[in-house]
Amino acid sequence: MEHEEILKILKETLSEKRYAHTLGVADTSEKLAIAYDFDQKKAYLAGLLHDCGKYLSREDSINLLKDRGIELSSYEMGNPQLLHAKTGEILAREKFKVNDGEILSAIRYHTTGHPKMTLLEEIVFIADYIEPGRDKAPNLDKLRKLAYRDKDLCMHYILKDTLEYLKNRNIAIDPATQMTYDYYNVHHGEKMESKEKIKIIYEALSAKKSFDIKVIDIEEISSIADYFVIASVSNENQMLAAIDEVDEKVGKATGESPKSEGQKNSGWYLLDYGDVVVHLFREEDREFYDLEHIWSDGKEVEI
Ligand code: DGI
Ligand code: FE
Ligand code: FE
């Protein structure tokens, strides 16, 4: 369905306030998509439709969901707020003719989230919270900036504030929301640990004259590791010194020893810490293997 037609239907069915919010979420989703290298059109459409189920009454929502054979938890039965995510998915598919599974699940999970969300689900979830029309939540100024810098930390804070809000008002917390918070809490913690480790590696490499040090976040695109650290050395001595220094400093800080691959006297040596993999190259080999190019879908991290 064309955007114009979607906008027309949304304008007719949603309240004026909800419609303005919808445009804000679509717009913010598009901006976040640019920041995180995601399909902007898809993000815009997901944002546009995320609350399309909102106009249905509690009764109509329950009937629609029952009719489509969708089970409802006691939390959903007790909190009409929670129903519009699932009805939204149905309406997006049936009324607005969306058949993109990524968009549909972004709508479905936009209220509670779930552990390990997809990038589009995170984009819509964050946009829903920070779009310009929102003014009630605490920390909005901070979150509006953070969203573009560190989405995982932003997810963590949004969920934390949401849980706090629900607790203060004695509103039942859906286990899905709690599980989402728990996931981002740990996940963010793990990322912090990786970043600490990367700092130590960076310092060790610099101290031994390695150069052109690059850190690439490959978490979204590979299960090999979360980060690659790539560095160049000029000769075999520098290679040996860099390997020893990284091994020693990380070992001291975390107690870990890396799995290693490659010959120390060759042009490519690898220290694998699981979450972080360090690639040491002689200059000419770095050019030859061109890892940066192969992993160019990853995001470069500034140290
Ligand atoms: O539809 P919006 O207002 O734009 O935003 P939303 O879909 O995130 O819904 C927000 C509402 O949902 C807000 O009042 C808090 C509520 N909510 C989020 N998680 C839970 C929840 N309500 C309950 N009962 N339990 C939850 O876990
Ligand atoms: Fe919503
Ligand atoms: Fe919303």
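1. Leaving aside neighbours within four places in sequence, Ala-43 is in contact with Ser-29, Glu-30, Leu-32, Ala-33, Phe-38, Leu-120 and Ile-123. The model is a predicted one, and this residue is a convenient place to start reading it. Ala-43 is listed among the residues with the most contacts inside the largest nonpolar core, together with Ala-46, Leu-49, Ile-103, Leu-120, Ile-123 and Ile-126. Leu-120 and Ile-123 therefore appear twice here: as contacts of Ala-43 and as well-connected members of the core.

2. That core has 42 residues. The elements that each give it two or more residues are α1 (3–13), α2 (16–35), α3 (40–49), α6 (83–94), α7 (101–108), α8 (119–130), α10 (151–168) and α11 (175–207). The most comes from α8, with 8 residues. In soluble globular proteins, nonpolar side chains tend to be buried together.

3. A second core, separate from the one above, has 25 residues, and Val-215, Val-233, Tyr-269 and Leu-280 are among them. Val-215 falls in strand β1 (residues 211–217), Val-233 in β2 (residues 227–233), Tyr-269 in β4 (residues 268–272) and Leu-280 in β5 (residues 276–282).

4. For the chain overall, the secondary structure comes to 14 helices and 6 strands. The C-alpha trace spans about 75 × 40 × 35 Å along its principal axes. Of the 303 residues, 36% count as buried. Among contacts between residues at least 6 apart in sequence, 58% join residues at least 24 apart.

5. The domain assignment gives domain 1 as 3–149 and domain 2 as 194–301. Taken over C-alpha atoms, the centres of the two domains are separated by 40 Å.

6. Strand β5 is largely enclosed by the rest of the structure, because 7 of its 7 residues are buried. Val-276, Val-278, Leu-280 and Arg-282 point one way from the strand, while Val-277, His-279 and Phe-281 point the other way. Note that Arg-282 and His-279 are buried along with the others.

7. Strand β2 is in a like position: 7 of its 7 residues are buried, so the rest of the structure largely encloses it. Tyr-227, Val-229, Ala-231 and Val-233 point to one side, and Phe-228, Ile-230 and Ser-232 to the other.

8. The pairing of these strands is as follows. β2 and β5 run parallel, over 7 bridges. Within that pair, Val-229 stands opposite Val-278, and Val-233 has Arg-282 as its bridge partner. β1 pairs with β2 in the antiparallel sense over 5 bridges, with Phe-211 opposite Ser-232. β4 and β5 are also antiparallel, joined by 5 bridges, and here Asp-272 stands opposite Val-277.

9. β4 and β5 form a hairpin with 3 residues between the strands. In this hairpin Gly-274 takes a positive phi near 90°.

10. Two residues other than glycine also have a positive phi and may deserve a look. Most residues other than glycine have a negative phi. Asp-37 has a phi near 60° and is found in the loop between α2 and α3. Asp-37 counts as exposed because 12 other C-beta atoms lie within 10 Å, and the limit for exposed is 12 or fewer. Lys-97, in the loop between α6 and α7, likewise has a phi near 60°. With 10 other C-beta atoms within 10 Å, Lys-97 is exposed.

11. Which residues lie closest to ligand 1? They are Asn-79, Gln-81, Thr-111, Asp-174 and Thr-177, out of 16 residues that surround the ligand. This shell divides into 8 polar, 5 nonpolar and 3 charged residues.

12. Ser-257 sits in the loop between α12 (236–254) and β3 (259–261). It is exposed, with 11 other C-beta atoms within 10 Å. Not counting residues up to four places away in sequence, Ser-257 touches Asp-247 and Gly-251. From His-3, Ser-257 is 254 residues away in sequence and 54 Å away in space, C-alpha to C-alpha.

Note on methods. Residues are numbered from 1 along each chain as its sequence is written. Chains are lettered from A and ligands numbered from 1 in the order in which they are written. This is a predicted model: local features need pLDDT of at least 70, side-chain atom pairs count only at pLDDT 80 or more; totals for chains, interfaces and linings use all residues. Helices (H or I, at least four residues) and strands (E, at least two) are DSSP runs, numbered from the N terminus. A residue is buried if 20 or more other C-beta atoms lie within 10 Å of its own, exposed if 12 or fewer, and partly exposed in between; C-beta atoms are placed from the backbone. Two residues are in contact if their C-beta atoms, placed from the backbone, lie within 7 Å. A nonpolar core is a set of buried Ala, Val, Leu, Ile, Met, Phe, Trp, Tyr and Cys residues joined through C-beta atoms within 7 Å. A residue is near a molecule or strand if its C-beta atom, placed from the backbone, lies within 6 Å of it. Ala, Val, Leu, Ile, Met, Phe, Trp, Tyr, Cys and Pro count as nonpolar, Asp, Glu, Lys and Arg as charged, and the others, Gly among them, as polar. Two strands pair if DSSP finds at least two bridges between them. Domain bounds come from an automatic or database domain assignment.
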